[in-house]
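Trainee: Could you take me through one part of this model slowly? I'd like a close look at a single spot and whatever sits around it.

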Amino acid sequence: MIASLSINERQVGLMLTIGVAILGLIMLGAAKEGPMAVHGAMALALGIVLAFSLVGSLFDPDAPGGRAARYYDEPTRFGLMLTLIWGVVAMSVGVWVAALLYWPEATPLWPATSFGRLRPVHTTGVIFGFGGNALIATSLHVLQRTSRARLADSVSPWFVLIGYNLFCAWAVTGYLMGSTQSKEYAEAEWYADIWLVVVWVAYLVLYLRTLARRNEPHIYVANWYYLAFILVVAMLHIVNNIALPVSFAGARSFPVWSGVQDAMVQWWYGHNAVAFFLTAGFLGMLYYFLPVRAERPIWSYRLSIVSFWGIVFFYVWVGSHHLHYTALPYWVQTLGMTFSVMLLVPSWASAGNAIATLNGAWHKVRDDATLRFMFVAAVFYGLSTFEGSFLAIRPVNSLSHYTDWTVGHVHSGTLGWVAMIIFGAIYTLVPQLSGRTTMAWPKAIEWHFWLSIAGTLIYVVSMWNAGITQGLMWRTYDANGGLAYSFLESVMAMAPYYLLRTIGGALFLTGTVLCALNVRATMLATPVGAGASDRPLLTQPAE
Amino acid sequence: MTADQRHGAEIDPATGYETTGHDWNGIRELNTPFPRIVIWALALTFLYSMIAWILLPAWPIGRDFTRGVLGLDQRQIAMQGYAALERGRDDWMAPFAAGNLDALAADPALMARAMPAAQRLFADNCAACHGTHGTGGPGFPDLTDANWLWGGSPDTIAETLRVGINSGHPDTRVSQMPAFGRDGMLSREAVQAVTDYVLALPGSAADAQSAGAQVFAENCVACHGENGNGGLGTGAPSLVGARWIYGGDRAKVLATIHGGRQGVMPSWAGRLSAAEINLLAVYVARLGANNQHAEAP
């Protein structure tokens, strides 16, 4: 990766890495002990390692000439590797905590391995580590192709990727040490949150500068989605994480929000993390890789525009459906419910547009597991958005809330939609980045596809059953007006579903491991029949 | 050159639609007419929302909000729901609010209706410590045997439930076994000796002349009774037989005498109604009566 930087860029990079090392040293010196000190030490070590590799390369040959005429794909390649590493690690933790629900006696005695600390390692690891790296990596690829322009500079993509992964690593190691803000999907403490803002602004600036240099008259819809993802996630992250540190020399902080306002801000954040992180960004991915792989035009230009604005407009209203039948005022719940129902239309319009794009390419869906991943992703996107709108209706929610149905719904979205579109994008992109026409092991893609489908279905169906069973057991009264079941009985009734869920998750994880090995083999393999899929860059003014 | 051709628009053979002429790295878009069904679906969901907004509390206006023509209030709905459920239970639950518990327990028809609910109440509130079948566990007494710390009649059980043991309730039952060893009340030798004596109980088997017997008589009988049978209503358990709260092997008994025990049971007065407490008291009293593996004192 360093060889692709010019000497001047290596010097800039050296400054940045020394900056990270100094930041780490300050955190370590200020905190002296506890999570913040450990995190300071991590930043210090990262800064030193990177600084040494950059110093060692200062007198190496300069970046190869003529690079301004080529797309800059090294960051994408690096980002995809991180995606798969996070995917394997965080999904393994997911399978482990799923197993703990079936075999709670297996919980090891150390605090760091308790269920409560491992669960956010799974959620942060898959959402931010696996999903986030996939979004950043693919967005840089899509941005350059659809703008027909090279990334605006060569240092900031590395700052974004490495900085972002430092945030993820701080977050999950913090949870293991018991450091958490106790806000779901926003557990990382204040200094990690501030760091993410810095990284995210660099990402936005890189994106906008590159887009401004585009050589295409129009901005492709995928970029609209990626931009919505970057902008709105920044807004959500900042507002939800406003907190007062107990001390600048320690990890603990208190949010400025309190009571029901805190709950509302949290779920405005939480649901829009689903909307703009797990939906908008991945729709950007879908809108690029699906037509590229199917070699078909997007079915409807108008539908893609209307769905974009529909999704962006409706989603920001619906967070309150997470707080039905709580202290949140009824009127806020009604708004959340009704906007959730209207949201179904642009969601299905997007899913329909994706599926209709495959018209004329159905034989490829049959034969090509990569395209099939993307087709299934669009189907699961449609299924889980329908389910989401349905669960947001108050009386339905009175049955489903607090049950494993919610867990099933989330995994129908994350396994069926988010992960499948990531795998489709990876199998499209990795051969191209490796100068090949196919993956190293084409048959393994087929295996991966069926493992993923089987795992997802087993997982989701068992959680649907679990959730509906729980919901019904909790509200059933006997002939004498007493509760028909104790809570304990509803817990014991979960055993078969929790076992099945663990099996489904393990199948999915197996597929992901297979994917990671396949990608590794492809990246190490000799280039074969370099695909000429990209248009050449237009000549740019000399840098 | 027509306008369409100038923008590179062409007809897609698979669908017959024209493309928009945009092209990004090979990706094109069809200029498909906007699907009518999407407009209808939007209209339908908007209609649903309008109806909901008219019927239910929905939009904020300054510091107030639209109340909705149904005038619903979720707190009121919840309270009405609870009240309706309670009315449905009233015919068999009401007698428990203030009744002669022994008489209620002797009414088989009432018990047939009340005990299933009591069992669930027990599972939801008591089982976490005392076990689903009330058999207790390390640190928590067995409720199915004949040994009672504070008495096993429904009325005394109800009182224990109401005020708790070593709880924060003003009338709490208080029972604290001192830390005889740790607090230096007995020498190490005396603790060892009385441990051996307690393990050898009942008195017929133990050596009444031993040093342990002496220590026992001076320090333990006030709460546990002269023969260590407990049951004095002081919260001190029977020390006779194989049933132990904190474990009956030598190390556990030694630890108990050395460090003392101050077991806590919360007061349920604020969490359960008087009728529910009485219902549970009858249920718990029957646990022992129905399962007579009591040991002779």
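Here is a walk through the binding site of chain A and the helices around it.

Mentor: Sure, and keep in mind that this is a predicted model. Let's start with the record: an unreviewed UniProt entry carries the annotation "binding site" for A:His122 and A:His411. In sequence the two are spread over 290 residues, yet they cluster in space, with a largest C-alpha distance of 12.5 Å.

Take A:His122 to begin with. You'll find A:His122 in helix α4 of chain A. A:His122 counts as buried because it has 22 C-beta neighbours inside 10 Å, where 20 or more is what it takes. If you skip residues up to four places away in sequence, A:His122 touches A:Ala90, A:Val93, A:Gly94 and A:Val97.

Now over to the partner. A:His411 sits in helix α14 of chain A, which covers residues 404-433. A:His411 has 24 C-beta neighbours inside 10 Å, so it counts as buried too. Leave out the neighbours within four places in sequence, and the contacts of A:His411 are A:Tyr459, A:Val460 and A:Met463.

Back to the helix that holds A:His122. Helix α4 of chain A runs over residues 115-147, and its axis comes within 8 Å of the axis of helix α5 of chain A, residues 156-176. The two axes cross at roughly 175 degrees, and anything over 145 counts as roughly antiparallel, so that is the label for α4(A) and α5(A).

What does each helix bring to this contact? From α4(A) come A:Arg117, A:Pro120, A:Val121, A:Thr124, A:Gly125, A:Phe128, A:Gly129, A:Gly132, A:Ile136 and A:Leu140. They meet a set in α5(A) made up of A:Pro157, A:Val160, A:Leu161, A:Tyr164, A:Cys168, A:Ala171, A:Val172, A:Tyr175 and A:Leu176. By class, the contact has 14 nonpolar, four polar and one charged residues.

One last step outwards, to the neighbouring chain. Chain A offers 39 residues that are in contact with 47 residues of chain B. On the chain B side, the elements giving two or more residues are α2 (36-55), α3 (74-97) and α5 (108-125). The largest share, nine residues, is from α2(B). That side of chain B divides into 26 nonpolar, 13 polar and eight charged residues.

So, to pull the site together: A:His122 on α4(A) and A:His411 on α14 of chain A both count as buried, and their largest C-alpha distance is 12.5 Å.

How values were computed: Residues are numbered from 1 along each chain as its sequence is written. Chains are lettered from A and ligands numbered from 1 in the order in which they are written. This is a predicted model: local features need pLDDT of at least 70, side-chain atom pairs count only at pLDDT 80 or more; totals for chains, interfaces and linings use all residues. Two residues are in contact if their C-beta atoms, placed from the backbone, lie within 7 Å. Helices (H or I, at least four residues) and strands (E, at least two) are DSSP runs, numbered from the N terminus. Ala, Val, Leu, Ile, Met, Phe, Trp, Tyr, Cys and Pro count as nonpolar, Asp, Glu, Lys and Arg as charged, and the others, Gly among them, as polar. Axes are lines fitted to C-alpha atoms, for helices over the stretch in contact, and angles run from 0 to 180 degrees between N-to-C directions. Angles under 35 degrees count as roughly parallel, over 145 as roughly antiparallel, 65 to 115 as roughly perpendicular and the rest as oblique. UniProt positions are given in the numbering used here, feature names are shortened, and annotations may be inferred rather than shown by experiment. A residue is buried if 20 or more other C-beta atoms lie within 10 Å of its own, exposed if 12 or fewer, and partly exposed in between; C-beta atoms are placed from the backbone.
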